[in-house]
Amino acid sequence: MSSLVMEAADLRLEKLSKNFGKVQAVREISLEIPHGQMVTLLGPSGCGKTTILRMIAGLEVPSSGKIYLGDDDITYLPANERKITMVFQSYALFPHMNVYQNIAYGLKVKHLPEEQIRQAVKEALEMVGLSGFEDRGSSELSGGQQQRVAVARALVLKPKVLLFDEPLSNLDAKLRNRMRGEIRNLQRDLGITSVYVTHDQSEALAISDKIVVMENAVISQEGIPTELYRHPSNPFVADFIGDANILKAKVLSLEGDDRARVEISGNEYTVFYSNKPEVGSEADIMIRPEDIQFADDGKGKTLKGRVEFALYQGSNIDYLIETEAGELRVKDYLTKDKFRDRGTNVSLVFREDEIFLVH
Amino acid sequence: MSATEIKRDITTDIKKERFVLIGSIVTLLLVTVLPFAPVHEGARNTLSTAAFSATVWHLMGKFPIIFLLVGVLALNLLFSVVGMSRKLRANLILYLNLLGLAAILYLFLVVTPKTPFGVGSIILFFAYLLFIARSMSILGYIRGDVFISGSIITIGVLLIIFIIFPLLVILGKSVVADGRLVPSNFYKVLAAYPSTMRILKNSLMMAVTVGVLSTLVGLAFALVIERSRFSLKRYMQGFSLLPIITPPFVIGLAIIFMFGRMGFVTHKLLGIRTSFIFGFPGIVIAQTLSFAPMSYLILSGVVHSLDSALEEASYTLGAGQWQTFKNVIWPLIRPGIANAFLLSVIESLADFGNPILLGGDFDVLATSIYLSIIGRFDEVLAASLGIILLSITLTTFIIQRYWVGRKSYVTITGKPRRQAVLPLPKILDYSLVGFTSIWAIFTLILYGSVFLGGFVKLWGINNSFTLMHYKRFLTDGLPSYITTLKLAAISAPLTAAVGLLIAYLVSRYKFVGKQPFEFVSMLSFAIPGTVVGIGYVMAFNVPPLVLTGTATIIVISFIFRNMPVGIRSGMAALKQIDTSLEEASITLGASNFTTLNRVVLPLIKPAIFSGLVFSFVRAMTAISAVIFLVTARTKLATTVILARIEAGKLGVATAYCSILIVTMMIAILIMYVFVRRMGGEEAAVQAI
């Protein structure tokens with residue numbers, strides 16, 4: 001295992017842009033990926049995240065900007081000379097090679113001695129828990145096993161940066177969860193600098209040191225997972241990461257450096273903000289569905305509403321509730337034994353410290 | 001840029017320049033050492049060492065430009081080694097080699113226009129081109145890969161030389177008189193020739209009739225083989241495809257044996273002596289037999305990929321069989337039918353073998369071009385007729401490719417779905433089975449007659465058994481047989497390689513001029529062989545490139561004429577391969593070349609073999625282009641057969657044809673076994 005610990009390096013993107021014809025897929029992105037960290041590029045399809053990954057890999061040439069690996073400018077270095085490997089969405093295991101040959105491929109094209117290749121492949125297979133699978137054809141493996149082979153194949157070359165392109169999107173939900181954990185543990189144990197592309201926000205939250213949310217070719221917000229989830233700086237991020245209710249609020253006054261007094265449907269709340277709002281203006285506030293609770297006793301700052309639909313989920317009940325402030329999604333974990341059917345009149349209260357002004 | 005950065009830039013570059021260094025040194029050696037070979041003045045041919053010497057050594061004394069040419073190479077070495085920034089290095093190499101290209105073209109086109117290019121000059125020419133490719137890869141074009149940019153530039157230049165240039169020469173022949181551009185010359189020549197209108201009418205009538213008939217026959221076979229309940233239908237496929245591996249004249253000869261003046265049907269059974277078969281009817285029968293297999297292949301793909309679920313959906317929505325056919329099936333197969341029709345029209349117009357054998361007085365464009373060169377020695381007339389023929393086939397090709405082809409491409413090449421197929425309505429099924437059975441038996445009888453024809457003394461007159469035709473073949477035909485085998489064996493792998501490389505470049509890379517690159521490479525399908533033939537004769541008989549009379553020009557014509565098959569099967573195969581496989585290989589440290597070699601090629605084995613088979617078969621059976629290119633030293637099987645037929649020696653001709661068919665079957669069998677061993681049964685079936 002020890003010999004597989006990587007020499008990792010910082011990756012730095014400087015005003016990186018990529019145009020495909022008239023379409024600008026990536027616009028002046030600057031980004032630092034610190035040593036040994038797992039940074040996730042998150043966004044809807046077409047936001048440019050995959051293009052960035054492919055430019056880092058060397059599979060696309062940037063229209064402008066620079067890519068640095070440590071101190072080296074690798075912007076125009078051919079992909080096969082970069083020491084950056086990638087795990088593909090489709091796994092991209094060579095169908096005409098068995099597991100051993102797949103993992104050994106990168107070492108073979110480097111013309112390493114056979115004995116050294118055998119040793120390295122053996123270690124890589126141990127690392128992903130697939131010892132003894134050497135002679136299997138790639139079509140004889142389950143989705144999860146193929147995924148592990150793809151990871152082993154990328155790791156065996158001891159890359160300076162490891163790239164993941166939506167590696168788990170072809171797996172079923174349960175396996176996906178397990179693989180998230182395995183990938184994250186491997187990445188941490190080896191301390192390998194990684195860039196991970198996904199459109200799945202829960203995946204991003206689960207495995208990242210840092211998340212970069214992208215929208216329309218630019219970075220919308222970057223930060224650690226808890227920060228992005230609790231304090232999104234705009235409605236797009238709020239809505240994209242986790243479920244969010246976005247409501248209109250009136251800004252009454254500012255309190256301290258990071259709080260404002262706002263009014264929502266007749267109730268007043270003190271909420272956090274990241275971008276300072278103007279007093280007297282209309283602003284968007286965000287509250288997560290799990291931070292809204294039923295107030296059957298009618299106490300507190302309640303909001304009256306009527307159940308539009310109720311979906312029993314086992315661990316909780318999902319509600320859509322029509323209120324005077326608009327439609328609100330509610331995840332009820334606390335009183336899930338009590339099913340409020342369509343048409344029921346209810347009172348809701350917000351957990352005040354979880355309301356965030358996203359403006 | 002700091003000092004350390006520059007240093008790093010240089011070291012990585014020098015590592016990569018290894019091949020540039022080796023390449024330049026080898027080229028330098030070749031160019032400077034070869035001239036010391038014995039000098040023969042007055043060399044005529046580009047490929048002889050004498051010509052090489054004449055062009056480089058001889059000129060060395062006369063023209064300082066030679067020193068410039070060699071100097072450019074030497075400077076390339078210098079620029080590759082000396083430290084400088086990426087951009088500067090790329091630009092220096094680019095302009096230096098553009099200068100070299102300009103100098104070499106200036107030398108041969110302006111200074112010594114009467115001296116042909118020699119081997120040395122060709123090496124130099126391509127060396128400059130590859131250095132230009134190198135400079136582009138330094139700048140990061142096409143992911144900075146010199147193999148890809150080099151391939152694109154080299155193939156691009158070859159396409160211009162061997163496809164575009166001959167066409168321009170033909171055009172020039174008909175519109176340039178006395179060194180001046182006279183477009184009206186074209187009309188004048190054609191107007192002066194009395195048969196122009198008749199030939200044009202004949203050709204169009206023939207092409208449309210054959211197009212309709214072979215499409216219908218192909219559709220019937222496709223429906224039966226894909227959709228019939230008839231259990232013996234699988235065997236039918238073999239018979240229906242037989243004409244594909246048949247040399248020209250075989251069907252023509254068979255038709256003469258059956259329906260000619262001494263024909264089995266006409267003379268023996270009906271007791272009449274008639275030559276009605278010579279002319280329109282004979283050509284139409286022979287061409288329909290020849291081209292129906294191609295439309296069958298197109299239409300079986302279309303019928304095969306029809307999703308039965310669509311029909312079932314239509315039935316569950318209350319539509320009957322006829323309504324389903326009219327509203328669901330017909331619209332889906334319509335583009336395929338148009339495709340088959342247009343391609344048959346092109347093939348029919350381009351066909352030379354059947355009209356020359358069965359045409360009689362019924363002249364068509366392809367034969368008239370040949371006769372105006374061979375009989376009238378009228379190059380201008382031949383060129384003008386060639387332009388008419390070319391513009392018709394080209395228009396048809398463009399319609400096929402950009403209007404119809406686009407709609408049906410996916411359905412033709414898409415991976416076949418394995419699912420329950422709905423059988424045809426009973427009445428349709430039985431009548432189609434009846435028709436295709438008769439057709440298959442008819443084909444079988446025709447081929448049988450050719451085999452028999454080789455063993456009887458004189459068909460229809462003296463039907464006693466003899467081996468004399470085969471004995472005759474051993475003395476008369478063997479040399480040409482060996483030449484043909486040799487040239488086909490050389491050209492098949494080259495053709496497949498170039499075709500697949502083009503398919504790879506076009507389907508995997510974006511580059512400037514890709515559209516014309518792809519169009520021109522597929523164009524040779526639409527250029528009739530006779531037009532290529534006269535084009536090559538006119539273009540490569542005079543400097544700067546003198547190639548006529550060599551076997552090389554025959555191989556080149558094979559490569560550029562048969563390439564489209566390799567391109568098509570290559571593109572279809574590459575479509576099935578996820579590009580992330582190649583990207584994975586590259587991120588794992590393999591170069592594009594290694595990737596092509598280790599990942600792409602093993603996965604497109606079926607396409608490689610179908611490319612090989614088709615190139616081999618088409619080289620063995622080519623007649624229309626090569627008839628202009630053969631010489632006494634490079635006689636080919638087909639031209640010898642034609643000569644025997646023209647001399648009335650049908651027995652020897654049929655014996656020779658039989659031997660060719662058996663040869664090709666053996667060759668295909670060898671390749672089939674080869675594929676089975678390498679890529680599994682399915683791949684082999686697909687390839688054949």
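How far apart are the mean positions of the 44 positive and 53 negative charges of chain A? In this predicted model, the two mean positions lie 2 Å apart.

Chain A comprises 359 residues, 52% of which count as buried. Its secondary structure comes to eight helices and 20 strands. Taken along the principal axes, the box filled by the C-alpha atoms of chain A is roughly 75 × 45 × 40 Å. Chain A exposes about 15,700 Å², with 45% of this area supplied by carbon and sulfur atoms. When contacts in chain A between residues at least 6 apart in sequence are considered, 66% join residues at least 24 apart.

For chain B, the secondary structure comes to 29 helices and four strands. Of its 688 residues, 55% count as buried. The exposed area of chain B is about 29,800 Å², and carbon and sulfur atoms supply 70% of that area. Among contacts in chain B between residues at least 6 apart in sequence, those that join residues at least 24 apart make up 76%.

Within chain A, five strands close into a barrel with mixed pairing, in the order β11-β12-β13-β20-β14. Two of the barrel strands, β12 (residues 259-264) and β13 (residues 267-273) of chain A, run antiparallel and are joined by six bridges. One position in this pairing is Val262(A), whose bridge partner in β13(A) is Tyr269(A).

A parallel pairing is found between strand β6 (residues 84-87) and strand β7 (residues 161-165) of chain A, which are joined by four bridges. Ile84(A) of β6(A) has Val161(A) as its bridge partner in β7(A). The side chains of β6(A) point in two directions: Ile84(A) and Met86(A) point one way, and Thr85(A) and Val87(A) the other way. All four of these residues are buried.

Two residues next to these strands have a positive phi although neither is a glycine. Lys83(A), with a phi of about 60°, is found in the loop between β5 (72-73) and β6 of chain A. Its relative accessibility is 44%, so Lys83(A) counts as partly exposed. Glu166(A) has a phi of about 40° and is placed in the loop between β7 and α5 (173-190) of chain A. Glu166(A) counts as buried because its relative accessibility is 7%, which is under the 20% limit.

Aromatic contacts were examined next. A search of the whole structure finds 29 aromatic pairs over all chains. In one of them, the ring centres of Phe94(A) and Tyr105(A) are 4.8 Å apart and the ring planes are at 50°, so the pair is tilted. Phe94(A) lies in the loop between β6 and α2 (99-109) of chain A, whereas Tyr105(A) lies in helix α2 of chain A, so the pair ties together parts that are eleven residues apart in sequence. Phe94(A) counts as buried, at 0% relative accessibility. Tyr105(A) likewise counts as buried, at 2% relative accessibility. In chain B, one aromatic cluster is formed by Phe162(B), Phe165(B), Tyr536(B), Phe540(B) and Phe560(B).

Two helices of chain B were considered individually. Helix α17 (residues 365-374) of chain B is mostly covered, with eight of its ten residues buried. The buried residues of α17(B) are Leu365(B), Ala366(B), Thr367(B), Ser368(B), Ile369(B), Tyr370(B), Ser372(B) and Ile373(B). Helix α18 (residues 379-413) of chain B contains Thr396(B). Thr396(B) counts as buried, since its relative accessibility is 11%. Leaving aside neighbours within four places in sequence, Thr396(B) is in contact with Leu342(B), Val345(B) and Ile346(B).

Notes: Residues numbered from 1 in each chain as written. Chains lettered and ligands numbered in written order. Predicted model: local features only at pLDDT ≥ 70, side-chain atom pairs only at ≥ 80, totals over all residues. Heavy atoms only, no water. Buried < 20%, exposed > 50% of the residue type's maximum accessible area, 1.4 Å probe, protein only. Contact = heavy atoms within 4.5 Å. Areas by Shrake-Rupley, 256 points an atom, 1.4 Å probe, with all protein chains shown as cover. Lys, Arg positive; Asp, Glu negative; His and termini not counted. Charge placed at Lys NZ, Arg CZ, Asp CG, Glu CD. Pairing = 2+ DSSP bridges. Phe/Tyr/Trp six-rings, centres within 6.5 Å; stacked < 30°, edge-to-face > 60°.
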